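Got your viewer open? Grab the mouse and let's take a walk, one selection at a time.

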Amino acid sequence: MTLLSARNLTVEINAVPIVDGIDLDLASGEALGIVGESGSGKTMTALALIGLTPPAATIRADTLTIAGNDVLALDPRQRRALGGSVMSMVFQDPMTGLNPVRSIGSLLIEAIRRHQTIDAARARQLGLQALADVGIPDPVARFSAYPHELSGGMRQRVMIALALVNRPALIIADEPTTALDATIQAQILELMRARMRDAALILITHDLGVAAELCGRIAVMYHGRIVEEAPVADLLARPAHPYTCGLLTAVPRFDPARPRLMPIPGAPLPASERLPGCAFAPRCPRARDICRAQVPALAEIASGRKVACHFPEAVA
Amino acid sequence: MGQWFVAPILAPLSRRLVELLVLLFCVTTLLFFLVRLAGDPAVIMAGEGASQQDVAAIRQFYGFDQPLILQYVHYLARLARLDFGQSISNGLPALRMVIERLPATLLLAIAAIAMTAAIAVPLGAWLGARAERPARRGAATLVFIAQGIPGYVVGLLLIQLFAVELGWLPSIGDETRVSWILPTLTLAAFLVPKLTRVVATSVSESMNEDYVRTAAALGLSDAAILWRHVLPNAVLAATALLGTQFAYLFSGALTTEVIFAWPGLGRLLVNSVQVLDFPVVQASVFVVGALVFAVNALTDIALRLIDPRLRRSAA
Amino acid sequence: MSALLQVRDLSVTFPVGHGTLQAVDSVSFDLARGETLGLVGESGSGKSTLAFALMRAHPIASGSIAFDGHDTVALSGGALKSLRRRMQMVFQNPYASLDPRMTIHRILAEPLVAHGVSKQDHGEIIAQMLRRVGLSDEAAGRYPGQFSGGQRQRIAIARALVLRPEILILDEPVSALDVSIQAQVINLLRDLQAEFKIAYLVIAHDLPLIHQISDRIAVLYLGRIVETASADAIVRQPQHPYTAALLSASPARDPSERRERIVLKGEPPSPIRRPSGCAFHPRCPIATDRCTVETPMLAEAATGHSVACHYPGRIKSPIAL
Amino acid sequence: MTTARGVLPFRLRLPLRAPWQLMAGGIIVAILVALALFSFFAPPADATRGSLLLRFRAPGTPGLLLGSDQLGRSLGSRALSGLPWSIGIASVATGIALLLGTTLGVLGAFYGGRVRAAVGLAVDTVIAFPALVLAVTVIAVIGRGFWPIAITLGLSTWPIAARVARAAALGILARDYVTAAKLLGVGPIAILLTHVLPALLPVLLVMAAFIFADMLILESALSFLGLGPPLSTPSWGNMLADSRQFLTQAPWMMLVPAGCIVVAVVGLNLLGDGLAARTQARMTGMP
């Protein structure tokens with residue numbers, strides 16, 4: 001069943017398209033990774049889906065439906081009410097994402113009672129259960145704790161508990177492990193893998209490896225557009241877009257020969273700058289005249305594989 | 001409950017106490033030497049046209065004929081016993097005069113702080129909640145301009161309007177309840193713009209915090225976010241400001257009390273200063289210092305009680 | 001030949017409240033000329049503190065640091081200044097490490113002025129160094145705000161190299177940069193090392209990155225080195241369970257790199273409340289009673305491979321090289 | 001591409017892209033200073049000598065644009081004559097407060113340990129005491145006059161400057177580029193001169209505007225309480241004190257000096273706010 005469908009989703013800030021006409025489809029229970037560097041528009045995509053873009057931003061789309069709701073037709077109150085119940089979000093920085101003057105328990109009870117009409121005692125029970133579910137030891141003691149009394153990993157578990165507590169159909173996670181230490185990152189990835197089986201997941205990350213851990217399908221974004229979309233194994237084994245290829249060869253891996261890395265030359269184009277052709281052309285080793293003149297459309301090149309490139313790598 | 005809970009709350013008091021002692025020592029020492037520097041204190045105290053004998057009597061009575069260092073030691077010794085001597089104008093014990101005037105000033109200050117909070121917190125919350133809207137930007141500019149109007153000028157304008165033009169309210173403080181209105185408003189005027197701006201800034205900054213985004217992502221309404229997530233932080237900021245600005249408020253009380261002939265400590269100090277009644281001046285300054293200390297200490301404790309980060313950071 | 005830098009039993013402490021925090025605890029290692037040592041550890045492992053201690057920017061509680069055979073712990077004043085000429089540091093965040101009010105020329109001239117290099121030579125030295133890190137000459141007249149993150153990090157590297165130091169400490173040199181830029185800077189660092197024969201001390205949390213550029217790796221946990229060996233040996237035959245867990249935690253970037261995940265319990269403890277015995281025992285999957293009471297010493301398990309564990313090598317490497 | 005931030009705000013071309021506060025405040029303050037200089041060198045005669053035939057004239061009377069007082073003196077001229085006194089005192093006091101406060105604040109930030117503790121204690125102690133009470137007391141004892149008032153006001157306000165300067169300097173000293181300079185072997189004095197002071201300058205300018213406004217208010221309050229210049233001398237505070245007896249007869253006697261104070265203080269606050277917005281100076285510790 002289709003949970004999310006977006007056609008030609010665009011987010012503009014001061015007439016600059018940060019997200020530039022992307023299509024997204026997600027089935028219930030599916031996990032999609034959106035991978036990109038800073039400025040690629042991946043975070044703005046997430047904020048547009050949950051409805052939390054900054055006031056200066058305008059969102060446009062041909063269609064945007066989430067769990068049967070025509071999101072663009074909703075008024076702001078109805079739009080807001082989808083948050084926490086139909087979908088919720090886990091943010092990057094667990095240090096600033098929890099209100100410092102509110103106890104963990106009061107945050108949980110507040111989130112639960114916003115969407116479920118139950119009494120405080122029952123909400124407390126559900127909250128304690130939610131803390132236990134995300135692996136927080138001694139939930140009763142943590143219930144009355146304040147955010148500053150918890151470590152970064154524990155806070156991120158609380159954020160996940162808050163996101164999951166009303167059993168939403170879609171979770172959007174924006175770099176959920178980036179701010180954490182390696183061993184804690186492993187714990188959180190493990191937790192997300194175990195706990196997000198029921199919900200669909202959109203994982204926003206700059207790290208292809210993290211996306212590969214959790215997601216079945218990956219969309220790579222560059223300069224506000226999706227440049228490649230494929231099942232994870234295919235994408236890692238046979239990337240089609242030169243940018244994806246570059247990302248894979250630029251990253252160090254455990255190889256005793258330690259070959260010289262193959263960096264992508266140049267730097268990403270600033271979001272405010274536009275080119276008549278492909279935005280990656282200035283950095284692309286395969287760019288030809290047509291790349292500098294015409295924006296390539298995202299097209300299906302094999303079953304389940306789409307790429308926006310005039311000269312993609314052969315994938316078959 | 002035990003030491004771990006009480007200790008962090010009381011910890012700042014020891015530093016405040018050191019500040020108080022340093023403050024009182026410096027101010028009293030300053031006064032002592034200033035009085036000696038300014039000329040022969042006996043001549044000043046005796047006033048114009050006093051006879052030689054009067055001056056000599058005062059000089060001997062206050063010990064001005066002794067070596068300076070000895071005078072200073074005696075002076076400190078008397079201060080340690082809270083003995084400030086008698087008023088030169090009416091011979092009453094200086095400290096008692098000051099203490100008698102204290103309630104009027106304190107009550108006025110409390111009323112003004114309550115009024116300040118009642119005006120500034122809602123106004124600031126409204127201004128900060130959607131700071132980017134044109135109407136609120138305009139209102140914020142007005143608050144900013146209001147901050148440029150000295151409180152005592154506000155007092156004079158209020159008298160002009162409500163007492164002189166409209167004749168609704170008395171311009172002099174007396175026993176009646178309505179006589180409190182204008183002085184309270186005047187004293188509040190010293191802090192309302194400042195506090196409004198602090199609350200507005202805190203609210204608008206909180207609105208951009210990640211935790212507000214978290215709350216919004218969980219579906220909470222704007223009102224719930226404002227009341228339960230943003231305002232608690234703004235109230236902390238407001239409390240901290242009121243604590244640090246009490247000294248400023250007391251400066252305001254000085255002019256306010258003069259304008260409204262308010263029978264408080266501020267007017268006593270101004271009057272005593274004008275007639276060079278040093279014992280009363282010293283006692284006033286001493287009491288003001290102690291008062292500011294008490295208010296600051298209370299604010300510290302209040303902040304530690306209501307801010308969970310301070311409350312249990314030591315544990 | 002003796003090592004260029006010899007560190008023995010180095011400890012750094014901070015006063016906290018009533019007690020002290022042992023940020024770096026009896027750390028010993030050698031760094032040879034032109035070699036790269038990678039220091040890997042999580043937050044709180046003391047890796048940055050160690051770097052500042054080596055730069056003599058932190059008071060040292062005990063231990064010795066010998067640079068080219070001369071002790072540096074006692075240095076101060078002019079002698080300390082000349083040490084800094086031979087040993088430099090690059091910071092993590094190139095957005096913070098360059099004064100936004102200075103032109104690139106002034107930024108690069110600052111160390112030259114401080115060490116009394118004749119002003120006539122500045123222009124030539126700076127232009128040469130800018131070209132060497134891949135920037136054009138006219139960059140000298142511009143401000144840091146006009147450069148991207150990767151370019152700024154090149155400028156920071158140029159500043160650190162302008163005095164031709166023999167040791168360069170790199171504190172998370174690429175972690176603030178975009179993925180596609182990181183490789184450019186890593187390659188630049190490798191080229192510069194080959195050209196100038198500098199020894200690198202690289203601090204990072206990213207094991208694949210450390211493995212990529214280091215000859216040897218030391219793993220820090222709670223202020224102590226728990227394992228040190230050649231880069232390949234660390235990855236191929238980790239002896240300490242913490243090293244194995246770190247290896248398994250770094251996300252695979254290649255479908256052929258499938259690995260079994262070792263998920264550690266709990267979180268790194270605070271150095272203020274250091275666990276008894278082996279500090280890692282509360283999180284260790286193979287800890288026994290012995291580990292809770294007896295602190296393991298760093299001992300050689302194989303040639304050039306030391307580990308501080310009572311049961312070394314019990315957990316196999318999750319990485320198949 | 002972001003442009004480099006300016007080194008000094010006044011080196012930049014003001015009109016374009018300057019916030020309106022900076023423009024408005026700058027114009028008001030410039031006019032005030034020009035008027036002060038004008039009236040210092042050519043004091044208007046009818047400020048001190050009035051005609052009893054022209055008592056209590058309302059504003060708008062020919063020749064008396066802002067009206068006259070109980071002695072028939074021109075209020076406009078009196079307000080003008082008060083300017084050099086007020087601006088002079090506020091300038092000297094602000095200078096003292098900034099010099100002392102910045103020096104101590106930066107020292108407190110630069111040297112940790114006892115120096116910082118001592119500066120902190122001194123700042124917290126003096127700041128906790130009502131400035132007006134201190135000023136009133138000291139001036140009563142040592143006497144009125146330009147220099148006693150200016151120095152006393154400066155000495156009672158330096159802790160505010162010290163606190164802001166200390167907070168700003170601590171922030172600058174904690175930046176990576178300062179650490180980098182230290183590790184490059186740059187000496188402490190060079191670091192102060194090349195990194196700390198240039199970054200501190202915008203903060204000091206903003207602070208100067210706000211403190212100047214506070215000094216104007218304090219000075220007029222002192223005059224109002226009868227501790228300013230001799231009563232016959234025109235000053236805004238004295239004019240306000242005079243006006244109290246004639247509130248019913250001649251409200252303009254109060255409104256004219258009150259308006260002058262408000263315009264001056266608002267102008268300075270606008271200037272400070274505009275400078276802060278222009279230079280992105282963050283004021284921590286400013287009340």
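In what order do the eight strands of the open sheet in chain A lie? Color chain A by secondary structure and read across: β7-β8-β9-β3-β10-β11-β13-β12, with mixed pairing. A quick word on what you're looking at: this is a predicted model, where local features need pLDDT of at least 70 and side-chain atom pairs count only at pLDDT 80 or more, while totals for chains, interfaces and linings use all residues. Residues are numbered from 1 along each chain as its sequence is written, chains are lettered from A and ligands numbered from 1 in the order in which they are written, and side-chain values use heavy atoms, leaving out hydrogens and water.

Helices (H or I, at least four residues) and strands (E, at least two) are DSSP runs, numbered from the N terminus. Two strands pair if DSSP finds at least two bridges between them.

**Stop 1: the edge.** Select 87-90 in chain A. That's β7, an edge strand that pairs on one side only, as does β12 (299-302). Both faces of β7(A) are covered: A:M87 and A:M89 on one side, A:S88 and A:V90 on the other, are all buried (under 20% relative accessible area with a 1.4 Å probe, protein chains only; exposed is over 50%, partly exposed in between). Add residues 170-174 of chain A to see β8, which runs parallel to β7(A) and is joined to it by four bridges. One pair to click: A:M87 and its bridge partner A:L170.

**Stop 2: further in.** Now pick β3 (31-35) and β9 (200-205) of chain A, a parallel pair with five bridges. Here A:G33 has A:L203 as its bridge partner.

**Stop 3: a helix on the sheet.** Select 242-250 of chain A: helix α10 packs on the sheet, touching β10 (217-222) and β11 (225-231) of chain A. Touching, or contact, means heavy atoms within 4.5 Å.

**Stop 4: between chains.** Show every chain. Four pairs of chains touch, and chains A and C share the most contacts. Chains A and D do not touch, with their nearest C-alpha atoms 8 Å apart.

**Stop 5: a bent helix.** Finish on chain D, residues 188-224, helix α7. Where does α7(D) bend? Look at D:L197: the bend there is about 40 degrees, and a proline, D:P198, follows within four residues. (The bend is the angle between axes fitted to the seven residues ending there and the seven starting there.) Of the 37 residues of α7(D), 26 are buried, so this helix is largely enclosed by the rest of the structure.

Terms used. Axes fitted to C-alpha atoms, helices over the stretch in contact; angles between N-to-C directions.
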